[in-house]
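Reader: I have just opened this one and would like some help finding my way around. Could we go through it together, a topic at a time?

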Amino acid sequence: MIGVFGGTFDPIHYGHLRPALDCLQTLALDAVRFVPLRVAVHRPQPVAPPELRLAMLEAAIAGQTGFVADPRELKREGGSFSFDTLMSLRAELGFQRPLCLLVGGDAFAGFLAWYRPMDILGLAHLVVMGRPGPAPLPGTGLSPELKRLLDDRGCDRRDALAAAPGGRILCQPVTSLDISSTRIRDLIGQGLSPRYLLPDPVLGLIEEAGLYR
Ligand code: ATP
């Protein structure tokens, strides 16, 4: 099983890295592919340019077995749709191997507004990582449609994911870290240090490039 973790990663921080490692280990994934988006479709555009977000990602995951930087969305023109990314992964990996799209609880809350959500579920499982803050945790504060989808597709065991290439939704408890890229950018913007919220090599790249000031 392969995890696919998409995001702006503007910048990548421990709130991405630790939950991804929790999923890698708990679900015994073969790999987690971090896929930075190029053009956001559901949120404001990233501040840092693609090549720097990729460099920060590579610095953050260096040496971690199973963590892979996957630049396919950065190479694609136009909006970065998860559906297109999963299609391109399927073209590479075939249609049999289980794929698990890792999403935070806040991202999952908007899932039905994504481009072709049911086709996404046809291509991959969803693993919803509990995220701190006001974002709805799975089962609470979700729209009736999303609750219905969770009732229909929800599962609570890794085996259910391993048994099919996609189609199931698993709510995975992960380490709760109240860290966001927005907070890191804000701290830097105020001339304050974001140290200990993200890996030092990532902070080094931010300082070198004068990002987020
Ligand atoms: P921003 O503050 O700029 O919106 P972000 O910190 O939310 O950024 P993204 O790159 O947009 O980071 O998030 C990518 C994915 O990681 C999303 O699915 C998001 O829900 C998840 N995520 C981000 N931060 C955390 C966290 N602290 N805990 C769990 N999941 C997280």
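**The ligand and its surroundings**

Author: A good place to begin is the ligand, because the space it takes is the largest pocket. Please keep in mind throughout that this is a predicted model.

Reader: Okay, which residues come nearest to the ligand?

Author: There are 20 residues around the ligand, and those that come nearest are Arg43, Asp106, Leu177, Ser181 and Thr182.

Reader: And what classes of residue make up that shell?

Author: The shell around the ligand is made up of 10 polar residues, six nonpolar residues and four charged residues.

Reader: Which helices and strands supply at least two residues of the shell?

Author: Two strands do so, S1 (2–7) and S4 (99–104), along with three helices, H1 (14–26), H4 (105–109) and H8 (181–189).

Reader: What about histidine 16, how far is its side chain from an oxygen atom of the ligand?

Author: An N or O atom in the side chain of histidine 16 is 2.9 Å from an oxygen atom of the ligand. The backbone also takes part: phenylalanine 9 has a backbone N or O atom 3.0 Å from a ligand oxygen atom, while for leucine 177 a backbone N or O atom lies 2.8 Å from a nitrogen atom of the ligand.

Reader: How much of the ligand does the protein bury?

Author: The ligand exposes 600 Å² when taken alone, and the protein buries 91% of that.

Reader: Back to phenylalanine 9, where does it lie?

Author: Phenylalanine 9 lies in the loop between S1 and H1, and it has a positive phi of about 50 degrees although it is not a glycine. Proline 11 is found in the loop between S1 and H1 as well, and the peptide bond leading to proline 11 from aspartate 10 is cis, with omega near 5 degrees.

Reader: Switching to the sheet, what is the order of its strands?

Author: It is an open sheet of seven strands with parallel pairing, in the order S3-S2-S1-S4-S5-S7-S6. The edge strands, S3 (67–69) and S6 (154–155), each pair on one side only.

Reader: How many bridges join S4 to S5?

Author: Five bridges join S4 to S5 (residues 125–129), and these two strands run parallel. Leucine 102 stands opposite valine 127 in S5.

Conventions. Residues are numbered from 1 along each chain as its sequence is written. This is a predicted model: local features need pLDDT of at least 70, side-chain atom pairs count only at pLDDT 80 or more; totals for chains, interfaces and linings use all residues. Side-chain values use heavy atoms; hydrogens and water are left out. A residue is near a molecule or strand if one of its heavy atoms lies within 4 Å of it. A polar contact is a pair of N or O atoms within 3.5 Å; within protein, one must be able to donate a hydrogen and the other to accept it, and residues adjacent in sequence count only if both atoms are side-chain atoms. Accessible areas come from the Shrake-Rupley method with a 1.4 Å probe; for residues, only the protein chains shown count as cover. On a 1 Å grid over the protein atoms alone, a cavity is a set of points where a 1.4 Å probe fits but cannot get out, and a pocket is an open set with protein on both sides within 12 Å along at least five of seven lines; lining residues have an atom within 4 Å of a point. A molecule sits in a cavity or pocket if more than half of its atoms lie within 2 Å of its grid points. Helices (H or I, at least four residues) and strands (E, at least two) are DSSP runs, numbered from the N terminus. Ala, Val, Leu, Ile, Met, Phe, Trp, Tyr, Cys and Pro count as nonpolar, Asp, Glu, Lys and Arg as charged, and the others, Gly among them, as polar. Two strands pair if DSSP finds at least two bridges between them.
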